[in-house]
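This report describes the cores, a pocket and several individual residues of one protein chain. Please consult the sequence and the structure below while reading.

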Amino acid sequence: ATAIAGKPAPTLIRPNPTEFEAAMTWQPHITVATIVEDNGRFLMVEELKGGRAVLNQPAGHLDPHETLTEAAVRETGWDVAATGIVGIYLYTAPSNGVTYQRVCFIAKALQHHPDYQLDDGIVRARWLTRDELMALRDDWRSELIMRCIDDYLAGHCHSLELIRPSL
């Protein structure tokens with residue numbers, strides 16, 4: 001580094017090799033969630049997390065060899081048609097420090113299968129209004145559920161074309 005206009009040359013900071021390796025291996029968890037709304041009520045799941053029941057949108061991790069849209073439809077557990085994307089969110093859970101990248105979809109419910117086997121840890125599906133969810137704030141899995149709902153209610157809807165297929 002060289003000095004510019006009489007100012008001392010900047011000091012180059014080299015990362016600690018351990019910190020650098022940790023940064024290079026850090027990987028966020030890729031997740032999907034789906035907003036399914038019917039007459040002002042939102043499909044939510046009650047799931048067990050840390051021994052207590054919490055509320056979340058139908059959501060889960062991206063599995064190998066599936067698209068984000070396929071993951072969102074699979075995780076919803078109903079026959080749904082994905083119609084758009086509310087947004088892409090980055091969230092670091094205070095409970096464990098894990099960073100999640102959530103792609104939140106919008107879907108239309110086509111049909112419910114009451115005999116559908118729920119995933120492990122899912123207690124039941126619930127349809128709740130925004131006001132009912134606000135009253136249950138202590139039961140939210142994360143703040144992301146209301147952020148996604150509020151963005152949806154504000155009209156945030158991006159085309160499914162936002163997600164580009166791999167080459």
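Is histidine 65 buried or exposed? Histidine 65 is exposed, with a relative accessible area of 85%; buried stands for under 20% relative accessible area, exposed for over 50% and partly exposed for values in between, with a 1.4 Å probe and protein chains only. The model is predicted, so local features need pLDDT of at least 70 and side-chain atom pairs count only at pLDDT 80 or more, while totals for chains, interfaces and linings use all residues. Residues are numbered from 1 along each chain as its sequence is written, and side-chain values use heavy atoms, with hydrogens and water left out.

**Loop residues**

Histidine 65 belongs to the loop between β4 and α2; helices (H or I, at least four residues) and strands (E, at least two) are DSSP runs numbered from the N terminus. Most residues other than glycine have a negative phi. Histidine 65, not a glycine, has a positive phi of about 65 degrees. Asparagine 39, likewise a residue other than glycine, has a positive phi near 50 degrees. The table gives the accessibility of five loop residues.

| Residue | Loop | Relative accessible area |
|---|---|---|
| Histidine 65 | β4 to α2 | 85%, exposed |
| Asparagine 39 | β1 to β2 | 73%, exposed |
| Proline 28 | α1 (17-25) to β1 | 27%, partly exposed |
| Glutamate 66 | β4 (59-61) to α2 (68-76) | 19%, buried |
| Glutamine 57 | β3 (52-56) to β4 | 1%, buried |

Proline 28 and threonine 92 are 64 residues apart in sequence, yet their C-alpha atoms are 9.0 Å apart in space.

**Glutamine 57 and α4**

The side chain of glutamine 57 makes a polar contact with the side chain of arginine 102 at 2.8 Å. A polar contact is a pair of N or O atoms within 3.5 Å; within protein, one must be able to donate a hydrogen and the other to accept it, and residues adjacent in sequence count only if both atoms are side-chain atoms. The glutamine 57 side chain also reaches the backbone oxygen of isoleucine 145 at 2.9 Å. In α4, the buried residues are Leu144, Ile145, Met146, Cys148, Ile149 and Asp151. Their cover includes β1, β2, β3, β5, β6 and α3 (130-135). Glycine 155, with a positive phi near 95 degrees, follows α4.

**Nonpolar cores**

A nonpolar core is a set of buried Ala, Val, Leu, Ile, Met, Phe, Trp, Tyr and Cys residues joined through side-chain atoms within 4.5 Å. The largest such core has 17 residues, of which Ile35, Met44, Val86, Tyr89, Cys104, Leu133 and Ile149 touch the most other members. At least two residues of this core come from each of β1 (29-38), β2 (41-49), β5 (79-92), β6 (99-111) and α4 (144-153). The largest share, five residues, is supplied by α4. Apart from this core lies another of seven residues, among them Val32, Leu68, Ala72 and Ile85.

**Glutamate 66 and the second largest pocket**

The side chain of glutamate 66 reaches the backbone nitrogen of aspartate 63 at 2.7 Å. Glutamate 66 is also one of the residues lining the second largest pocket, together with Leu62, Thr67, Leu68, Thr69, Leu160, Ile163, Arg164, Pro165 and Ser166. On a 1 Å grid over the protein atoms alone, a pocket is an open set of points where a 1.4 Å probe fits, with protein on both sides within 12 Å along at least five of seven lines, and lining residues have an atom within 4 Å of a point.

Note on methods. Contact = heavy atoms within 4.5 Å.
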